[in-house]
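Trainee: I would like to learn how to read the packing of a protein chain, beginning with contacts and moving outward to the surface. Could we work through an example together?

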Amino acid sequence: MRGSASFTASRPTRTGPAAVRAITVATGTSTAGSVLNVVAVLSYTYAATGAPVSLGVAVVSGFLPVALLLPVIGGRLPVGSERRTVLLAVLAQAAGAATMAALSVTRWLVAMFLLVAAMGVLAMITRISLLCLLPRVAGPAGLTGANLRLQVAAQLGAGVGAGLLLARGVTPPWVMFLVDAVSFVLQAGLLARILPAAGVARRDPPPGNAAVPPGHWALVLALLPAGFCAMNLLNAVMPLVAFDRLHAGQRALAAAEVVYPVAAVAVGFLVRRKGRLSMPGAILGLALGFVVLAAADRLVLLLVGVGVLGVAVVMSNATTQVWAQSSLPAGALARWQSRAAAWGATVSTVGVLGISAGFAAGRQAGVLLAVAVLFTGLAGLAVVASRKELACR
């Protein structure tokens with residue numbers, strides 16, 4: 001996005017690296033708590049019902065409201081005020097996690113699912129605002145590295161959170177919810193301290209045309225949320241395989257939550273200095289991961305499939321974000337990020353419910369192979385998109 005002379009899209013400011021580091025560290029910190037939140041919600045739900053479909057409902061509650069509300073909210077997010085938006089959303093998530101801790105000693109499933117829904121919308125608002133900041137703080141030459149560092153930091157945080165859970169063993173949900181609340185408070189404090197000095201609280205709206213050329217909107221909606229959809233589906237598949245197919249309980253789920261970020265971080269460090277990554281290859285990796293999970297009849301295959309998806313989700317998120325941030329018109333970025341997230345949430349809702357129903361009907365392998373076929377088709381679209389140039393900024 002274009003801004004003032006001291007802070008433009010074409011050249012990062014001297015304080016830009018500080019803002020990138022703040023966004024990266026804050027994201028990793030909150031993700032460590034968010035992993036515990038996910039495990040806490042799933043453990044709470046399964047203990048209350050013991051039904052595979054209820055796990056799917058718990059996961060869907062986190063992103064179905066995104067599909068319904070984000071097209072409206074996303075278009076109204078104030079351009080240039082991302083710092084304030086992020087801080088309000090993060091503090092609201094801290095309050096939400098604390099409330100979930102109080103509810104976790106009850107069996108009020110509906111109230112818990114409503115809180116999960118609110119947290120999902122707030123998390124997506126936070127994500128979109130931070131992603132819209134990256135082009136201004138990193139500059140075009142640093143977009144790949146900044147997006148990759150952001151993804152790797154999130155996985156490092158996830159690994160820390162899951163590792164602590166695995167080492168401790170069975171943990172009461174209320175403890176995990178409280179840790180999540182603390183992580184959001186830390187994230188807000190770090191961003192509040194660093195982002196003002198980086199000059200990102202710009203007030204002037206970007207000039208210029210915010211339209212996307214005809215036909216390109218379909219590629220944006222199909223490819224931009226690919227990693228988001230895969231992660232949502234995986235969040236449903238992991239507990240279903242761990243609890244319902246392998247009967248291995250919370251420890252197996254925690255082990256999968258550890259393998260996912262470890263694999264992602266390892267590969268992320270290996271490719272962090274590359275200026276260009278393959279978007280079709282990253283999305284094809286998503287298909288491969290679900291193929292492995294379709295055959296996961298023992299713990300080692302579950303962990304291998306999760307590891308493959310951990311790498312592929314990070315690569316997919318980084319490559320599609322660079323593609324969008326470097327080619328979408330400046331005034332359209334937040335709006336199309338919101339639309340893509342809403343569409344991804346809609347697709348994820350159908351996918352998670354379908355996977356849950358497939359597991360309940362005993363067709364675990366078939367439904368996961370169908371998911372793999374769909375991601376293979378997206379990889380083909382990524383080949384087309386990589387050869388097309390969207391509207392210049």
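Mentor: Let us begin with the term itself: a contact means heavy atoms within 4.5 Å. Please keep in mind that this is a predicted model.

Trainee: Which residues does Leu368 touch, not counting residues up to four places away in sequence?

Mentor: With those sequence neighbours set aside, Leu368 touches Val237, Phe290, Leu293, Ala294, Ile355 and Phe359.

Trainee: How should I read such a cluster, and how many residues are in the largest nonpolar core?

Mentor: In soluble globular proteins, nonpolar side chains tend to be buried together. Here the largest nonpolar core has 114 residues, and those that touch the most other members are Ile283, Leu286, Phe290, Leu293, Ile355, Leu368 and Phe375. Helix α4 (residues 109-138) gives this core its largest share, 16 residues. A second, separate core has seven residues, among them Leu148, Ala264, Val314 and Met315.

Trainee: Is Gln364 buried or exposed?

Mentor: Buried means under 20% relative accessible area, and Gln364 counts as buried because its value is 17%. Gln364 is found in helix α13 (residues 364-386) and touches Arg245, Gly358 and Phe359, again leaving out residues up to four places away in sequence. Glu257, in helix α9 (residues 249-271), is also buried, because its relative accessibility is 9%.

Trainee: Which residues make the nonpolar surface patch of about 210 Å²?

Mentor: That patch is made by Val53, Val57 and Leu353. Val57 lies in helix α2 (residues 52-74) and, at 31% relative accessibility, counts as partly exposed.

Notes:
Residues are numbered from 1 along each chain as its sequence is written. This is a predicted model: local features need pLDDT of at least 70, side-chain atom pairs count only at pLDDT 80 or more; totals for chains, interfaces and linings use all residues. Side-chain values use heavy atoms; hydrogens and water are left out. Patches are made of residues with over 30% relative accessible area and no salt bridge: like charges are joined within 9 Å, nonpolar side chains (Val, Leu, Ile, Met, Phe, Trp, Tyr) within 5 Å. Accessible areas come from the Shrake-Rupley method with a 1.4 Å probe; for residues, only the protein chains shown count as cover. A salt bridge is a side-chain nitrogen of Lys or Arg within 4 Å of a carboxyl oxygen of Asp or Glu. Helices (H or I, at least four residues) and strands (E, at least two) are DSSP runs, numbered from the N terminus. Buried means under 20% relative accessible area, exposed over 50%, partly exposed in between (1.4 Å probe, protein chains only). A nonpolar core is a set of buried Ala, Val, Leu, Ile, Met, Phe, Trp, Tyr and Cys residues joined through side-chain atoms within 4.5 Å.
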